[in-house]
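Q: I'd like you to walk me through one part of this model up close. Start with the overall layout, then zoom in.

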Amino acid sequence: MSNLLSIAISGLNAAKAGLAATSNNLANVDTTGYSRQSVQQSESSVVTRGDGYAMGSGVTVSGVTRASNPYLTAAVWSTNSASQSASTYNDLATTLNNALSGSGSLQTSLDSLFSGFTSVSSAVSDTSVRQTVLGDATATATNYNTLASQFAAQQKSVNQQIGDTVTSINSLTSQIATLNTAITGGNGTTSSGGSNALLDQRDALVTQLAGYVGISAQTQSDGSISVYTQSGQALVAGSQANALSTTGNAYDATQTEVTDSNGSVISGQISGGSLGGLISYRNNVLSTSENMLGLSALGLAGRDRKS
């Protein structure tokens, strides 16, 4: 009779665990980052009776697992990284375009200046024509200076954003490393659902990290996760977080570069996320535009001297 009661009690306990997991799932239905949990059951050890027959002894809750697909999770990280990179790039380009639209037309002032040169050549002794050309030259110089100031202001803003983003990345990698330690060190057990909560927290942090920089991740046999940039720099390895830093460009003091934990400049190897978007925009749009403006000014100055 006692064996029958024991088997029945094991079934009730298993059902109770299942109800608890279901209740927890319902309570967290709107919780961001929560993964649905389910109870895993297994047959209790078989008992051999005195007459030689083997009998089951009930059911055991072998664990509580969470519904998580590593391939879909990696796809979310990749999508978030690409989205944030494109959004950052577009926001900066839109800001620059709006600034340029409100700064006056450089092309219009150049057209007026060249037209004035033509008029002067046809009426060398006409003082009013000369004064008009001088006015056009002043307006053109003002446009050049205004554009240069706007480029410099955005360069400063981009540098600040790069520094802030690196700080955020370091904060997240430190938290991920801490969770790695908790997960592998037994500060939460799978049977109680503790590790599942920690795993959800860690996935949420990695998702945030992917928004700042393109990453790849690999789960290790001990349950920890290693996180790398898309070009292979280790950001998290077990309980170790490798902090990024910023430094001035060796050849252009107006630009901020990203360095790894060894002090090597890795800006050119960063892609994805808002940090990748910032660096890509700076290299492909902002710096190129500044250089083109400078070359245009030099070309105009050389032409004026020849005239």
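How many helices and strands are there in the protein? And for the close look: which residues are linked with Arg 66 in a network of salt bridges?

A: Sure. Keep in mind that this is a predicted model. The protein has six helices and ten strands. Average pLDDT is 82, and 79% of the residues score at least 70. Of the 307 residues, 34% are buried. Among contacts with a separation of 6 or more, 61% are between residues 24 or more positions apart.

Now to your spot. Arg 66 is linked with Asp 200 and Asp 203 in a network of salt bridges. Take Asp 200 to begin with: the side chains of Arg 66 and Asp 200 meet in a salt bridge, at 2.6 Å from N to O. That ties together distant parts of the chain, since Arg 66 sits in strand 4 (residues 59-66) and Asp 200 in helix 5 (residues 194-212), 134 residues apart. Then there's Asp 203, whose salt bridge with Arg 66 has its closest N and O atoms 3.0 Å apart. Here too distant parts of the chain are linked, with Asp 203 in helix 5 and Arg 66 in strand 4, 137 residues apart. As for burial, Arg 66 and Asp 200 are both buried, and Asp 203 is buried as well.

One caution about the neighbourhood in sequence: over residues 186-193, pLDDT stays under 50. For that stretch the model has twelve contacts beyond four places in sequence. Where pLDDT is low, predicted coordinates shouldn't be read in detail. Helix 5, by its numbering, covers residues 194-212.

For context, the structure holds three salt bridges, and one of them is between the side chains of Glu 257 and Arg 282, at 3.3 Å from N to O. Glu 257 is in strand 10 (residues 256-259) and Arg 282 in helix 6 (residues 273-306), so this pair links distant parts of the chain, 25 residues apart. Glu 257 counts as buried because its relative accessible area is 8%, and Arg 282 is buried because its value is 1%.

Helix 6 also takes part in an aromatic contact. The structure holds one aromatic pair. The ring centres of Tyr 89 and Tyr 281 are 5.7 Å apart and the planes are at 90°, so the pair is edge-to-face. Because Tyr 89 lies in helix 2 (residues 70-101) and Tyr 281 in helix 6, the pair ties together parts that are 192 residues apart in sequence. As for exposure, Tyr 89 is partly exposed because its relative accessible area is 27%, whereas Tyr 281, at 0%, counts as buried.

Last stop, the sheet. Four strands form an open sheet in the order 5-6-7-8, with antiparallel pairing. Strand 5 (215-219) and strand 8 (240-241) stand at the edges; each has a single partner strand, so one side of each is left without a neighbour in the sheet. Strand 8 pairs with strand 7 (residues 234-237) in the antiparallel sense over two bridges, and Val 236 stands opposite Ala 241 in strand 8.

As for the outside, the protein exposes about 16,800 Å², with carbon and sulfur atoms supplying 54% of it. Back to your question, then: the network joins Arg 66, Asp 200 and Asp 203.

Key:
Residues numbered from 1 in each chain as written. Predicted model: local features only at pLDDT ≥ 70, side-chain atom pairs only at ≥ 80, totals over all residues. Heavy atoms only, no water. Salt bridge = Lys/Arg side-chain N within 4 Å of Asp/Glu carboxyl O. Buried < 20%, exposed > 50% of the residue type's maximum accessible area, 1.4 Å probe, protein only. pLDDT = per-residue confidence, 0-100. Contact = heavy atoms within 4.5 Å. Pairing = 2+ DSSP bridges. Phe/Tyr/Trp six-rings, centres within 6.5 Å; stacked < 30°, edge-to-face > 60°. Areas by Shrake-Rupley, 256 points an atom, 1.4 Å probe, with all protein chains shown as cover.
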